[in-house]
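Here is a short briefing for a first look at a protein chain. Keep the sequence and the model side by side as you read.

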Amino acid sequence: MIEARARVLAAADGRARVRVIDREEGCGRCDEPGGCRSVKLAYAIRPARSEFDVPDEIGVAAGDEVVLRMADGSALRGALAGYGLGAVLMLAGAMAGLAIGGGDGAAVVGAVAGLALAFVLNRVLHRSRRWRGRLHVEMLPAGTLRVHDLPESR
């Protein structure tokens with residue numbers, strides 16, 4: 001489970017606006033020899049979002065601390081759909097354009113068509129209740145025992 005502590009900013013109509021208060025910063029080796037600095041590079045390009053709207057299934061109020069929990073693999077599935085699908089369809093479109101038209105212009109047109117198809121498919125996925133359910137973020141009271149706090153069983 002991926003978990004983070006958050007504070008509720010506002011709650012109404014079954015939704016809560018929360019701000020993450022304990023964001024993980026990668027592996028923590030950014031400034032060590034061999035550290036990749038990828039988190040710092042990513043945040044330089046676009047600062048990380050720290051406020052999110054999540055379903056309020058426990059009845060929270062502004063100021064409450066909560067734990068946000070997402071199943072393992074959910075973030076990877078979302079990233080693959082968002083980025084991987086676009087990359088694969090862009091390459092497939094470029095190859096199809098080359099095969100059909102035979103020139104660079106046809107490859108560019110095919111790549112753009114592949115990206116457009118990926119955009120449409122991602123919009124359809126985003127609207128799919130079944131797909132969103134697989135990426136569900138669960139909100140729990142702050143005192144809830146967290147998975148990584150459990151002793152390891154051997």
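Asp13 is exposed because its relative accessible area is 80%, and exposed means over 50%. The residue sits in the loop between S1 and S2. This is a predicted model, and the points below start from that loop and work outward.

**Around Asp13**
- Strands S1 and S2 form a hairpin, with two residues between them.
- Asp13 lies in the turn of this hairpin and has a positive phi of about 55°.
- Asp56 is 43 residues away from Asp13 in sequence. In space, the two are 8.3 Å apart, C-alpha to C-alpha.

**The chain as a whole**
- The protein chain has 154 residues, and 23% of them are buried.
- It holds four helices and five strands.
- Read from the N terminus, the order of elements is β-β-α-β-β-α-α-α-β.
- Take the contacts between residues at least 6 apart in sequence: 74% of these join residues at least 24 apart.
- The accessible surface of the protein chain is about 10,700 Å². Carbon and sulfur atoms account for 60% of that surface.

**Strand pairing**
- S1 covers residues 2-12, and S4 covers residues 65-70. They pair in the antiparallel sense over six bridges.
- One of the positions in this pairing is Ala4, whose bridge partner in S4 is Leu68.
- S1 also pairs with S2, which covers residues 15-20. This pairing is antiparallel too and has six bridges.
- Across the S1 and S2 pairing, Ala10 stands opposite Arg17. Ala6 stands opposite Val20 of S2.
- S2 is joined in turn to S3, residues 51-55, by five bridges. These two strands run antiparallel.
- Arg19 has Glu51 of S3 as its bridge partner.

**The two faces of S2**
- Side chains alternate along S2.
- Ala16, Val18 and Val20 point to one face and are buried.
- Arg15, Arg17 and Arg19 point to the other face and are not buried.
- Two residues named under strand pairing thus fall on opposite faces: Val20 is on the buried one, and Arg17 is on the other.

**Helix H2**
- H2 spans residues 74-101 and has 28 residues.
- From its first C-alpha to its last, H2 reaches 39 Å. That is close to the 40 Å expected at 1.5 Å a residue.
- H2 has a kink of about 35°, centred on Leu80.
- Its buried residues include Ser74, Ala81, Gly86 and Leu89. Gly93, Ala94 and Gly97 are buried in H2 as well.
- Gly102 follows H2 and has a positive phi, near 85°.

**Helix H3 and its packing**
- H3 runs over residues 104-127 and has 24 residues.
- Its reach from first C-alpha to last is 35 Å, close to the 34 Å expected at 1.5 Å a residue.
- Which residues of H3 are buried? They are Ala107, Gly110, Ala111, Gly114 and Ala118.
- An α-helix has 3.6 residues a turn, so residues three or four places apart point the same way.
- The buried residues of H3 pack against H2.

Definitions and conventions:
Residues numbered from 1 in each chain as written. Predicted model: local features only at pLDDT ≥ 70, side-chain atom pairs only at ≥ 80, totals over all residues. Heavy atoms only, no water. Pairing = 2+ DSSP bridges. Buried < 20%, exposed > 50% of the residue type's maximum accessible area, 1.4 Å probe, protein only. Contact = heavy atoms within 4.5 Å. Areas by Shrake-Rupley, 256 points an atom, 1.4 Å probe, with all protein chains shown as cover. Expected span 1.5 Å × (residues − 1). Bend = angle between axes of the 7 residues up to and from the residue.
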